[in-house]
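Subject: The structure I promised you

Hi,

Here is the structure we talked about, ready for you to open in your viewer. Have a look around, then read on for what I found.

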Amino acid sequence: MATMKDIANYAKVSTSTVSHVINNDRYVSPAIRSKVEAAIKQLNYTPSAIARSLKSNKTFTIGMLVTTSNNPFYSEVVQGVERSCYELGYNLILCNTEGDHQRMINNIEHLLQKRVDGLLAMCTETYSFPEQIFDRYPKLPMVMMDWTPFKGVCDTIQDNSFYGSMLATQFLIKQNYKRIACITGPLNNTQAQSRLQGYRQAMQEGQLTILEGYEAQGDFRFASGIVAMQHLLELLIPPQAVFCFNDAMAIGAYQALYRNGLEAGKDIAIMGYDDIEIAQYMSPPLTTIHQPKVELGQLAVETLLNRLHHPYDKLHTLTLTPTLVKRLSA
């Protein structure tokens, strides 16, 4: 690989002149500039990203950690992150931990060895993100996305899950359903807790009783929606409507209904949460709560870069407002 010294020897100029041409930081006569540019082209010279990062103390690279990748929600958020990075001139290194604590630590160390300028983290399990990272790297710009188990240590962007859950449950109540069950996420997850609180609050305000067994626990994955929906169908008094705390479990619920010869929207109303892209193509199309996923990714990148440029600003917690998308399943 050609170096600046090789370019200088080929063009018969000094290495400082080559540097000035490449960085365009000082006047170089048109004739000399032309010679240097011809040498660069002839020797197929590419500036060293490592050398540039050492000089500027920036790599223009952002690291991102996600603790799961099989849920379409995360891929749609990552799409927003990647697009925003590209538009702003940054590269993205994505690491999936699959919920493995040690793998997360190893990934963090790997990203820091790559000298990323900042870190985005989208965790799904409480305690999955090691708190000691904040102690070891107190100056590392970081943004926690979707939810965070820690308060006051970094910028956070989150969904208003309580409001979104209230919105979903109130809609089902307005549709005159009386027996409304839910399929929760893992209850050590703060978003799942907030959605459960919103469901209970809306049921209480609607003066409706939550029957025994109506809070079926899932884990935000497709298969848990099948198991939880089957449990609800086997109750002595099955529900008329089921609010699934994410669309992945709603898809699982559809499958359970199919296996029992039932149909969503006809025999039992199904409500989802997230509005992943496939929701509109299900049969029937899924009524759900829309999270602005692409906007979440873009806002996370912008917040991280703002932290890079203003490291001593006060920490921010930004909350996105979900909306209801009415289709045919409820």
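One term before we start: a residue counts as buried when its relative accessible area is under 20%. Please also keep in mind that this is a predicted model.

**Asn246**

With that cut-off in hand, try Asn246: is this residue buried or exposed? Its relative accessibility is 2%, so Asn246 is buried. You'll find Asn246 in the loop between S8 and helix H11 (247-259). Which residues does Asn246 touch, leaving out those up to four places away in sequence? They are Asn71, Arg195, Phe220, Tyr273 and Asp274. Closer along the chain, the side chain of Asn246 reaches the backbone nitrogen of Met249 at 3.0 Å.

**Helix H9**

One of those partners, Arg195, takes us to another helix, because Arg195 is among the buried residues of H9. Helix H9 covers residues 190-205, which makes 16 residues. From first C-alpha to last, H9 reaches 22 Å, close to the 22 Å expected at 1.5 Å a residue. Besides Arg195, the buried residues of H9 are Gln191, Ala192, Leu196, Gly198, Tyr199, Ala202 and Met203. Why do they lie on the same side of H9? They cover an arc of only 160 degrees around the axis, so they end up on one side of the helix. Here is the general idea behind that: an α-helix has 3.6 residues a turn, so residues three or four places apart point the same way.

What covers the buried residues of H9? The cover includes these elements:

- strand S4 (142-146) and strand S5 (155-159)
- helix H8 (161-174)
- strand S6 (180-184), strand S7 (215-217) and strand S8 (241-244)

Both ends of H9 are worth a click. At the start, a side-chain oxygen of Asn189 comes to within 2.8 Å of the backbone nitrogen of Gln191. After H9 comes Gln207, which has a positive phi, near 55 degrees.

**Helix H12**

Helix H12 (residues 293-309) passes the same kind of length check: its 17 residues should span 24 Å at 1.5 Å a residue, and its end C-alpha atoms are 25 Å apart, which agrees. The buried residues in H12 include Leu296, Gly297, Ala300, Val301, Leu304 and Leu305. Lys293 and Arg307 of H12 are buried too.

**Cysteines and a serine**

How many disulfides does the structure hold? Zero. Take Cys244: the closest cysteine sulfur to its own is in Cys182, 9.0 Å away, which is too far for a bond. Cys244 is buried, at 0% relative accessibility, and Cys95 is buried with a relative accessible area of 8%.

For contrast, look at Ser283, which is exposed with a relative accessible area of 68%. Ser283 sits in the loop between strand S9 (269-271) and strand S10 (288-290). Its C-alpha is 13 Å from that of Asp267, a residue 16 places away along the chain.

**The whole protein**

Now zoom out: the secondary structure comes to 12 helices and 12 strands. The radius of gyration is 26 Å, well over the 20 Å that the globule rule gives for 330 residues, so the protein is more spread out than a compact globule. Its C-alpha atoms fill a box of roughly 90 × 40 × 30 Å along the principal axes. Buried residues make up 50% of the 330. Finally, of the contacts between residues at least 6 apart in sequence, 72% join residues at least 24 apart.

Cheers

Terms used: Residues numbered from 1 in each chain as written. Predicted model: local features only at pLDDT ≥ 70, side-chain atom pairs only at ≥ 80, totals over all residues. Heavy atoms only, no water. Helix = DSSP H or I, 4+ residues; strand = E, 2+ residues; numbered from the N terminus. Expected span 1.5 Å × (residues − 1). Buried < 20%, exposed > 50% of the residue type's maximum accessible area, 1.4 Å probe, protein only. Arc of directions from axis to C-beta. Contact = heavy atoms within 4.5 Å. Polar contact = N/O pair within 3.5 Å; in protein donor to acceptor, adjacent residues only side chain to side chain. Disulfide = S-S within 2.5 Å. Rg over C-alpha atoms; globule rule 2.2 N^0.38 Å.
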